[in-house]
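Student: Hey, can you walk me through this one? I'd like the overall layout before any details.

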Amino acid sequence: MTAPDDPAPLDETFECAFQFQPGWIDLTLHQGTKAEAKALATEVVNQLNPLGLEIEKSAVFDDMVERAMDLNDDVPTLAAAYYSEAGEALANLTVDSYGDEGVSRPDSAEVIPLLLQWGNAEVAGEPQITHVKLAAGPAVRIQAMLKVKRMLGFGRKMTEFIKYAVFPPGMESLIVVSVTWEKIALTEQITVLADDALETMRITPLSAGGVSTSADGGTP
């Protein structure tokens, strides 16, 4: 239950769009239902090249449905995953927005410890932190390894992530893009894929009527 003095969530609508390279699949669910996830997976799997697949189409379908449901569990602005030509999912991507009414969004220094917080994992080693300029606005980029708790709390598994905290001009919201993957041997490839995708991200603020408004850095 929300305490009476808790600030209300920031009511700021916007459109988020990427020009994804082949392999990235938009898994955003608008109703969040399994039926919607199955319909999306059916459409995608029917377009796959069966000659390139190294696993059964049914396995790709099942993975895509489960992944879409998992990625949309917290109702992100956008969810996507990268699949190899062989049909294997290699990376997850989510876009979320954060902000409260009457509360200033954190600046680039304040946001760093927030980006390093994970509910079911802890950062391993020294994170790589850089400040970059994207078409969507200035951003803080963090890349690091994670020790993720396994089911039932027994043991840990290693994974890797990139997080971008984006500060779109003309908006109060903080936009956070998270990319995670488990195959550390593919880190170089996935890093390039993630960074290339972020270069194409566009954030367009919308008015109350759903009409786009101009914002420096939010359009090509």
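Tutor: Sure. The protein chain has 4 helices and 9 strands, taken as DSSP runs numbered from the N terminus (helices are H or I, at least four residues; strands are E, at least two). This is a predicted model, where local features need pLDDT of at least 70, side-chain atom pairs count only at pLDDT 80 or more, and totals for chains, interfaces and linings use all residues. Residues are numbered from 1 along each chain as its sequence is written, and side-chain values use heavy atoms, with hydrogens and water left out.

Student: In what order do the elements run from the N terminus?

Tutor: They go β-β-α-α-β-β-α-β-β-β-β-α-β.

Student: OK, how much of the chain counts as buried?

Tutor: 42% of the 220 residues, with buried meaning under 20% relative accessible area (1.4 Å probe, protein chains only).

Student: Switching to helices: how do helix 1 and helix 2 cross?

Tutor: Their axes, lines fitted to C-alpha atoms over the stretch in contact, come within 9 Å and cross at roughly 140°. Helix 1 covers residues 34–45 and helix 2 residues 57–71. That angle makes helix 1 oblique to helix 2, because oblique is what remains after under 35 degrees (roughly parallel), over 145 (roughly antiparallel) and 65 to 115 (roughly perpendicular).

Student: And which residues of helix 1 and helix 2 make the contact?

Tutor: Among them are Ala37, Ala41 and Val45 of helix 1 and Phe61, Met64 and Ala68 of helix 2, where contact means heavy atoms within 4.5 Å.

Definitions and conventions: Buried means under 20% relative accessible area, exposed over 50%, partly exposed in between (1.4 Å probe, protein chains only). Axes are lines fitted to C-alpha atoms, for helices over the stretch in contact, and angles run from 0 to 180 degrees between N-to-C directions.
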